[in-house]
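Here is a friendly tour of one protein chain, written for someone who likes to think in contacts and surfaces. Please keep the viewer open while you read.

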Amino acid sequence: MSRIGKLPITVPANVDVVIEGDLVTVKGPKGTLSHNVVAPITVEKNEGVLEVLRPDDSREAKSYHGLTRTLINNMVVGVTDGYEKKLEIVGVGYRVLPKGPTQLEFQLGYSHSITFDAPEGITFTTDGPVKLAVVGIDKQLVGEVAANIRKLRKPEPYKGKGVRYSGEHIRRKVGKAGK
């Protein structure tokens, strides 16, 4: 039995969960998220608790059991607390300028500046010219936007310059040996 799949999801008092067939909609103080549950898996709502159930021990049902429970739990956490991914910019002259809550302008060592627009539901916060955070209620979307920003200038292994996640360790290489 899936250890993650059989854990119940506790629903806080300020969160409303609606189950219509295979569509689970979670509404909370920060917004609304919905997810289509895959065929063999069912979701049941009991007094303040959601349970993700599977009909049998088939390989397909087992593989979707824990995944579905985690996705629904991420929705509940997202509409109550939200998600945040922090990034750092390392390099001489590398910086970020906020152009509103949903737009950033990067100077990353290229001959031009890069303007990055946030998709719907994502906002940016900056803490100085070299620190920024991606904030939203959808965990997958927050991670994807942070990865796309990191992709603008990946950290290189010789000097460590580029955009990195906060706390990320970059494996460094030694430069060429001089005479």
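Let us begin with one aromatic side chain in this predicted model. Leaving aside residues up to four places away in sequence, Phe 124 touches Pro 101, Thr 102, Gln 103, Leu 104, Phe 116, Ala 118, Ala 133, Val 134, Val 145 and Ile 149.

Phe 124 also belongs to the largest nonpolar core, which has 21 residues. Within this core, the residues with the most contacts are Phe 106, Phe 124, Val 134 and Ile 149. Six elements are worth colouring in your viewer, namely strand 7 (83–90), strand 9 (103–107), strand 10 (114–117), strand 11 (122–126), strand 12 (131–136) and helix 2 (139–151), since each gives two or more residues to the core. The largest share, 5 residues, comes from helix 2. There is also a second, separate core of 17 residues, and Ile 9, Val 15, Val 37 and Val 76 are among its members.

Next, a sheet. How are strands 2, 3 and 4 arranged? These 3 strands form an open sheet in the order 2-3-4, with antiparallel pairing. Strand 2 (16–20) and strand 4 (31–36) stand at the edges with a single partner strand each, so one side of each has no neighbour in the sheet. On average, and ignoring direction, neighbouring strands here are turned by 15° against each other. Strand 3 (residues 23–28) and strand 4 run antiparallel and are joined by 6 bridges. If you would like to look at one position in strand 4, try His 35, which stands opposite Val 24. As a general reminder, strands of a sheet pair through backbone hydrogen bonds, in either a parallel or an antiparallel way.

Now for the chain as a whole. Its secondary structure comes to 2 helices and 13 strands. With a radius of gyration of 21 Å, well over the 16 Å that the globule rule gives for 179 residues, the chain is therefore more spread out than a compact globule. The C-alpha trace spans about 70 × 40 × 20 Å along its principal axes.

A few whole-chain values sit together in this table.

| Property of the chain | Value |
|---|---|
| Buried residues, as a part of the 179 residues | 35% |
| Contacts joining residues at least 24 apart, among those between residues at least 6 apart in sequence | 49% |
| Accessible surface | about 10900 Å² |
| Part of the accessible surface that belongs to carbon and sulfur atoms | 50% |

Methods. Residues are numbered from 1 along each chain as its sequence is written. This is a predicted model: local features need pLDDT of at least 70, side-chain atom pairs count only at pLDDT 80 or more; totals for chains, interfaces and linings use all residues. Side-chain values use heavy atoms; hydrogens and water are left out. A nonpolar core is a set of buried Ala, Val, Leu, Ile, Met, Phe, Trp, Tyr and Cys residues joined through side-chain atoms within 4.5 Å. Buried means under 20% relative accessible area, exposed over 50%, partly exposed in between (1.4 Å probe, protein chains only). Helices (H or I, at least four residues) and strands (E, at least two) are DSSP runs, numbered from the N terminus. Contact means heavy atoms within 4.5 Å. Two strands pair if DSSP finds at least two bridges between them. Axes are lines fitted to C-alpha atoms, for helices over the stretch in contact, and angles run from 0 to 180 degrees between N-to-C directions. The radius of gyration is taken over C-alpha atoms; the globule rule is 2.2 Å times the number of residues to the power 0.38. Accessible areas come from the Shrake-Rupley method with a 1.4 Å probe; for residues, only the protein chains shown count as cover.
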